[in-house]
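Reader: I'm new to this one and would like a close look at a single part, the place where two helices pack together. Could you walk me through that, and then show me what else is worth finding along the chain?

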Amino acid sequence: MNTTTTTASQTSISVERAMGGRLLRDRVFKNVMSVGGVGVIIAVSAIFFYLASVVVPLFLPPTIESRVQFAVPGGTAAQTFGLSAEEQREIGARFDDGGTITFFGFKDGAVLSQATIALPPDTRITSTAVGERRGYSVAYGLSDGRVVLTKQGYDVTFPDNRRLITPAVEYPLGADPIVVDPRGRAIVQLAIEHNDDGTTIAAKTEDDRVIVSAVKVTTNLMTGESRSETDETELAPVPGDVRQMIVEWKQRELYMLHGERSLARYDIGNKRNPRLLETVEIAAPGERVTALAVLSGGFSLIVGTDRGTLAQWFPVREEGTTFRLHRIREFKPMAGAVTTITPEFFRKGFMAGDERGHLAAYHATSRRLLFTEKLSDQPITAIGIPPRGNGYLAQDAGGRVHAAVVHNEYPEVSFHAIWEKVWYESYEAPDYVWQSSAANSDFEPKFSLSPLTFGTIKAATYAMLVAVPLAVLGAIFAAYFMSPRMRQVVKPTIEVMEALPTVILGFLAGLWLAPFVENNLAGVLMSIALLPFGFIVAAYAWHLLPVAVKSRIAPGWEAALLIPVIVAMIWLFMQLGHPIEAAFFGGDMPHWLTTEMGITFEQRNSLVVGIAMGFAVTPTIFSIAEDAIFSVPKSLTSGSLALGATPWQTLTGVVLLTASPGIFSAVMIGLGRAVGETMIVLMATGNTAVMDFSIFTGFRTLSANIGVEMPEAGVGETHYRLLFLSALVLFGFTFVVNTLAELVRQRLREKYQTV
């Protein structure tokens with residue numbers, strides 16, 4: 001009895017120890033899984049917040065600080081017609097109509113130095129003009145028909161390891177005035193543009209003549225002497241009441257504002273034969289144009305009126321080489337009449353002042369009002385912007401100059417610029433365009449994410465059209481109909497294909513598949529369209545075979561007979577393709593599509609990418625879907641068959657419904673793989689950011705764009721942050737799709753778990 005009790009006690013202790021060990025392992029495993037799950041959530045959240053931290057500054061409004069005001073440097077005896085500043089925002093420059101240039105401290109207005117234009121005896125300044133800001137050129141028209149051109153210069157030195165900026169006045173055409181009007185009449189209106197290509201001067205004389213002069217300066221390399229040559233032409237016809245003239249940066253066109261709201265546009269590319277191109281009304285009836293300026297690059301005009309409206313105009317191609325000025329966009333109006341407009345040095349931004357003392361900053365491409373400041377109760381008469389656009393100088397009619405530091409790094413970003421159609425300079429209509437860089441500073445950045453998002457969806461769509469039917473139908477056959485021995489070969493083979501590097505698939509698609517499709521387009525299209533019908537015909541032929549013949553094939557091996565059928569059909573279609581192209585498409589179907597149907601054909605197109613990406617995604621979907629179907633309990637299928645259902649009825653009514661959550665998950669995972677694919681679309685498409693759903697054109701995806709452009713993006717710049725925004729869009733897209741997929745999967749599981 002004692003022995004029995006002892007044995008039972010020992011057994012009980014052993015059971016308790018075993019249970020305790022199992023419970024301990026369960027707790028450890030549970031904690032490890034919990035830590036892992038929480039870690040995944042933290043990692044995903046960290047990725048999201050990091051992406052957001054880089055992207056958020058794009059959409060923050062500009063900040064203004066260090067506001068100061070001071071009396072006009074140099075006094076108010078003469079009127080200010082221009083304000084400027086050097087790149088480091090340490091020195092400002094004021095130009096008055098008395099010929100004095102005053103350099104002063106940007107932060108306090110303290111006069112640093114002054115320079116006065118040396119005028120010939122018995123002459124006076126009768127007109128002034130400022131060229132495009134980046135050229136730093138300022139011109140003075142004289143009472144004897146001559147012009148003096150000056151240019152600001154800033155010499156930067158580092159004595160005692162401290163930066164010292166020394167302002168100076170240069171004379172790029174020489175200190176002696178240039179004769180513009182041989183008759184010697186006073187110049188009352190003046191426009192000037194000077195750059196490395198030369199100098200163009202447009203001058204209106206007091207007797208209402210307009211003279212266009214091209215000035216070329218040649219320097220003797222031996223003696224250092226400079227000699228200027230002037231080629232002037234009198235412009236005709238000339239409108240009356242000319243109020244302002246502007247020569248654009250490339251010196252090919254002259255704009256002449258006259259009357260209340262009329263603008264004449266002249267072609268002055270050939271200085272000896274200028275001609276009037278058009279005259280347009282650039283303001284609404286009843287409005288008067290009160291300010292006019294040209295944006296950086298010399299292509300767009302910004303027009304301000306006495307009602308505070310601001311609008312952008314630029315030439316648009318209409319027929320052949322004919323261009324007409326069009327009103328492109330309007331901006332949020334100002335509170336009072338616009339008194340002055342000043343463009344930025346390099347960006348497509350500008351500042352405007354009104355008669356009520358408001359200063360407003362805008363960006364043309366993004367159509368943004370960046371900020372508005374109430375500086376004074378007096379009209380704003382002059383505005384200056386540093387080269388980096390990081391500050392402003394504004395003078396009011398009361399003789400006060402207002403200065404401030406502006407942090408405005410990303411003015412070109414807005415919802416409109418990123419997602420909507422934008423009418424860019426030199427474009428015939430609004431469009432979705434991604435073009436982040438160019439070879440010169442006149443470039444207008446084009447940051448539309450719409451074509452990249454469209455390309456991502458397009459790539460995923462064509463890939464899924466190829467992959468889903470192949471993978472799901474293949475999984476159904478492999479899991480339900482295929483013989484076990486054949487399944488043991490097929491399933492691992494397809495799963496091994498999943499590990500194939502996509503860079504290899506992209507390489508093959510770009511260098512082999514794309515040319516093959518182009519050279520055999522008719523055969524490829526016939527293969528895609530007719531292979532399913534070929535399967536049906538082959539299946540019907542199998543059905544008609546005698547039972548004695550069919551019995552020789554073991555159940556589940558019938559699909560192996562399709563392999564030679566598929567090969568034979570593809571070979572047949574390729575052989576038929578060339579005669580069909582010769583008979584109906586002039587021997588070259590891609591060329592026929594382009595010329596006759598107007599359908600652009602690109603060698604690296606969506607069809608190629610769809611085939612290659614479909615091949616890459618198929619193993620993922622197949623493997624998961626096949627596991628889901630194969631995991632359906634045999635008791636369900638056996639019970640269905642026992643109740644008299646056919647194998648097909650059992651498949652559609654029991655197996656697929658039970659496995660539907662797994663099949664749906666497989667498709668969603670495949671979609672996520674297709675959306676994020678980079679190397680195949682990078683190598684097998686033309687990487688053109690276009691919005692065209694045609695299978696014969698290429699595209700650019702968000703992921704491929706990040707891969708291509710991230711190495712060349714400057715850290716912290718607009719381009720850099722927009723690439724992070726692309727990544728955030730991809731992240732958000734996959735998060736939303738996966739969340740919805742999980743909800744649908746749970747609903748399917750709840751609905752069919754009792755089937």
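Author: Start with helix H10, residues 606-630, and helix H12, residues 647-676: they pack at an angle of about 155°, and their axes lie 8 Å apart. Keep in mind that this is a predicted model. Angles over 145 degrees count as roughly antiparallel, so H10 is roughly antiparallel to H12. The crossing of H10 and H12 is right-handed.

Now look at who does the touching. On the H10 side, the contact is made by Met-613, Ala-616, Val-617, Thr-620, Ile-621, Ile-624, Ala-625, Ala-628 and Ile-629. H12 brings Val-655, Leu-656, Ala-659, Gly-662, Ile-663, Ala-666, Val-667, Ile-669, Gly-670, Arg-673 and Ala-674. Sort the residues of this contact by class and you get 16 nonpolar, three polar and one charged.

While you're on H12, pick out Gly-672, which also sits in that helix. Its relative accessible area is 30%, so Gly-672 is partly exposed. Follow the chain and Gly-672 and Asn-738 are 66 residues apart, yet in space their C-alpha atoms are 8.1 Å apart.

Leave the helices now and try the strands. Strands of a sheet pair through backbone hydrogen bonds, either parallel or antiparallel. One open sheet here has four strands in the order E15-E16-E17-E18, with antiparallel pairing. Its edges are strand E15 (242-247) and strand E18 (275-281), and each of these pairs on one side only. On average, neighbouring strands in this sheet are turned by 20° against each other, ignoring direction. Zoom in on strand E17, residues 262-267: six bridges join E17 to E18, and the two run antiparallel. You can spot Asp-267 standing opposite Arg-275 of E18.

Just ahead of E15 there's a little detail to catch. Pro-237 is in the loop between strand E14 (226-235) and E15. The peptide bond leading from Ala-236 to Pro-237 is cis, with omega near -5°.

Further along the chain comes another open sheet, with four strands ordered E23-E24-E25-E26 and antiparallel pairing. Here the edge strands are E23 (338-343) and E26 (368-374), each pairing on one side only. Neighbouring strands of this sheet are turned by 20° against each other on average, again with direction ignored. E23 pairs with strand E24, residues 349-354, in the antiparallel sense over five bridges. In that pairing, Pro-343 stands opposite Phe-350 of E24.

Last stop: a couple of backbone oddities. Ser-66 isn't a glycine, but its phi is positive, about 55°. You'll find Ser-66 in strand E1, residues 63-71. With a relative accessible area of 49%, Ser-66 is partly exposed. Asp-160 has a positive phi too, near 55°, and is likewise a residue other than glycine. Asp-160, though, sits in the loop between strand E8 (146-157) and strand E9 (164-170). At 74% relative accessibility, Asp-160 counts as exposed, because the cut-off for exposed is over 50%.

Technical notes
Residues are numbered from 1 along each chain as its sequence is written. This is a predicted model: local features need pLDDT of at least 70, side-chain atom pairs count only at pLDDT 80 or more; totals for chains, interfaces and linings use all residues. Side-chain values use heavy atoms; hydrogens and water are left out. Two strands pair if DSSP finds at least two bridges between them. Axes are lines fitted to C-alpha atoms, for helices over the stretch in contact, and angles run from 0 to 180 degrees between N-to-C directions. Angles under 35 degrees count as roughly parallel, over 145 as roughly antiparallel, 65 to 115 as roughly perpendicular and the rest as oblique. A crossing is left-handed if the near helix is turned anticlockwise from the far one by less than a right angle, and right-handed if clockwise. Contact means heavy atoms within 4.5 Å. Ala, Val, Leu, Ile, Met, Phe, Trp, Tyr, Cys and Pro count as nonpolar, Asp, Glu, Lys and Arg as charged, and the others, Gly among them, as polar. Buried means under 20% relative accessible area, exposed over 50%, partly exposed in between (1.4 Å probe, protein chains only).
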